[in-house]
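Biologist: I should like to understand how the terms used for a protein model are justified. May I ask you to take me through the reasoning step by step?

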Amino acid sequence: MDKVIKLDISKTLGFISQADINSKAALAKKCNEALHDGSGKGNDFLGWLNLPSSITDAQLKDIEDTAAALKAKCEVIVLVGIGGSYLGSRAVIDSLSNAFDWLQKDRKNPVILYAGNNIGEDYLVELLAYLKDKSFGIINISKSGTTTEPALAFRILKAELEKAVGKEEAKNRIVAITDAARGALYTLATKEGYKKYVIPDNVGGRYSVLTPVGLLPIALAGIDIRQLVAGAVYMEKETAPSVSFEKNIAEIYAVTRNELYKKGKKIEILANFNPKLHYIAEWWKQLYGESEGKENKGIFNAAVDFTADLHSMGQWIQEGERSIFETVVSVAQPNETLTVPTDEENLDGLNFLAGKRIDFVNKMAELGTQIAHVDGGVPNIKVELPKLDEYSIGQLLYFFEKACGISGYILGVNPFDQPGVEAYKKNMFALLDKPGFEKESEAIKKRL
Ligand SMILES: O=P(O)(O)OC[C@H]1O[C@](O)(CO)[C@@H](O)[C@@H]1O
């Protein structure tokens, strides 16, 4: 079976033309080249570009060894991080794990839980209660090392772990992944003597899934990180500027979505027909949202899980404002087999499906949806994975990253900064009376 992911833009062609797309081929190539020669905006954040092909065997082995050491001690690992510091791990882990992973007995790998991605008091209390009688460890990830949400969660979880196993043993169960030399997490991890991994300076959080940020948690979940990286290496080659536009799926996707945007399709909805892909969409939303949503422009990134959301947002997608297009991540072959049984009485009227695969029903839902949505004025892009495995997901991650860099340059923005996220932080710090924010505190409190 073909192991390569495919892009199909044919169902956008009633809305934009092949000529529109071809006319932007040279621009896409220029943008791709600008990424590679470092001549574009944000060029100090291009470390992700050649990351797959530059990961060494020694680096992978070190990550696998750390994962093995943590596995030997911990039945649960809490991954502390927010945004790019956890979404990539969660996306890969969820897409490649059993859908009921946390309920499995006789486990070979620890259960991975998440914290520091919200400030929910109930969430933390319930997490602590669950961890009470568990042997657990913590991977604390923050590039800046100063983000409030993970720092808060880590303070609480660290104290709990030290209480349970003592300060010395806790050090063997905590790994910090952060900047090479700066930030509160760096200082804390150095002082406490935790095992540390570095997020390279030139790799932004949302592009960091193939650094230890993603690879360590993913390895802990029992997923083959070598195959994941191999898939990304393949896509790195296939999307290089030297690959012609007609064959370069990152360039084609970048151009297509920008042409649709120019035609008023301001919202891109990433859709899946496989519940395991939910967090791929969450990761994708951050990647594109933070990269392109600036200078008062950029496609708004939304996501739906089908067929579930056909029974909620399906109405809007079919008949709401015609400002959307859909990108469907489709999985060609399931990993398991289940056919619809025959029922003598046929009270549910489903015998017409007897003997058919569940996936066949799903595929007809997918095809029916595509035809309905295109008929309803929603252009459709399809990204097809041969199946859910490490090699496909590795390709998908790099494909979306590369296309995002090109797309941001086509749009004319810096796809590697996120100045807008500071606004809420400044207000929150002012409202919390954080030292250093005295003037802001005074100003904001007058407005309340
Ligand atoms: O890894 P850090 O520095 O904690 O940042 C987490 C996330 O917060 C952001 O900086 C936005 O606030 C994201 O870009 C990033 O992925």
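Modeller: In β4, the residue that forms the bridge partner of Val80 is Asn140. Please keep in mind that this is a predicted model.

Biologist: How do you know that β2 and β4 are paired, and in which sense do they run?

Modeller: Two strands count as paired if there are at least two bridges between them. Strand β2, residues 76-80, is joined to β4 by 5 bridges, so the criterion of at least two is met. The two strands run parallel.

Biologist: What makes β4 and β5 a pair?

Modeller: The same test applies: β4 and β5, the latter covering residues 174-178, have 5 bridges in the parallel sense. As one example, Ile138 has Ile174 in β5 as its bridge partner.

Biologist: Which strands make up the open sheet, and in what order?

Modeller: The sheet has 5 strands in the order β3-β2-β4-β5-β6, with parallel pairing.

Biologist: Why are β3 and β6 called edge strands?

Modeller: Strand β3 (111-115) and strand β6 (195-198) each pair on one side only. For β6, the pairing is with β5, in the parallel sense over 4 bridges. There, Thr178 stands opposite Val198 in β6.

Biologist: What makes you say that helix α6 packs on the sheet?

Modeller: Helix α6, residues 121-131, touches β2, β3 and β4. Its direction makes about 150 degrees with that of β3. Helix α7, residues 148-165, also packs on the sheet and touches β2, β3, β4 and β5, with its direction at about 155 degrees to that of β4.

Biologist: Why is strand β4 described as largely enclosed?

Modeller: A residue is buried when its relative accessible area is under 20%. In β4, residues 136-142, 7 of the 7 residues are buried, so the strand is largely enclosed by the rest of the structure.

Biologist: Which residues of β4 point one way, and which the other way?

Modeller: Phe136, Ile138, Asn140 and Ser142 point one way, while Gly137, Ile139 and Ile141 point the other way. In a regular strand, side chains alternate between the two faces of the sheet.

Biologist: Why does Asn117 count as buried?

Modeller: The relative accessibility of Asn117 is 18%. The limit for a buried residue is under 20%, and therefore Asn117 counts as buried. Asn117 is placed in the loop between β3 and α6. Leaving aside its neighbours within four places in sequence, Asn117 is in contact with Gly81, Ile82 and Tyr86.

Biologist: How do you know that the side chains of Asn117 and Asn118 make a polar contact?

Modeller: The distance is 3.1 Å, and a polar contact requires a pair of N or O atoms within 3.5 Å. The value therefore satisfies the distance limit.

Biologist: Which residues are closest to the ligand?

Modeller: The ligand is surrounded by 13 residues, and the closest are Ser85, Ser142, Lys143, Ser144 and Thr147. An N or O atom in the side chain of Ser85 lies 2.6 Å from an oxygen atom of the ligand. For the side chain of Ser144 the corresponding distance is 2.6 Å, and for that of Lys425 it is 3.0 Å.

Biologist: What do β9, α15 and β10 make together?

Modeller: Strand β9, helix α15 (residues 358-375) and strand β10 make a right-handed β-α-β unit. The strands β9 (residues 324-333) and β10 pair in the parallel sense over 7 bridges, and Val331 stands opposite Leu385 in β10.

Terms used. Residues are numbered from 1 along each chain as its sequence is written. This is a predicted model: local features need pLDDT of at least 70, side-chain atom pairs count only at pLDDT 80 or more; totals for chains, interfaces and linings use all residues. Side-chain values use heavy atoms; hydrogens and water are left out. Buried means under 20% relative accessible area, exposed over 50%, partly exposed in between (1.4 Å probe, protein chains only). A crossover is right-handed if, with the strands pointing away from the viewer, the path from the first strand over the helix to the second runs clockwise. Contact means heavy atoms within 4.5 Å. Axes are lines fitted to C-alpha atoms, for helices over the stretch in contact, and angles run from 0 to 180 degrees between N-to-C directions. A residue is near a molecule or strand if one of its heavy atoms lies within 4 Å of it. A polar contact is a pair of N or O atoms within 3.5 Å; within protein, one must be able to donate a hydrogen and the other to accept it, and residues adjacent in sequence count only if both atoms are side-chain atoms.
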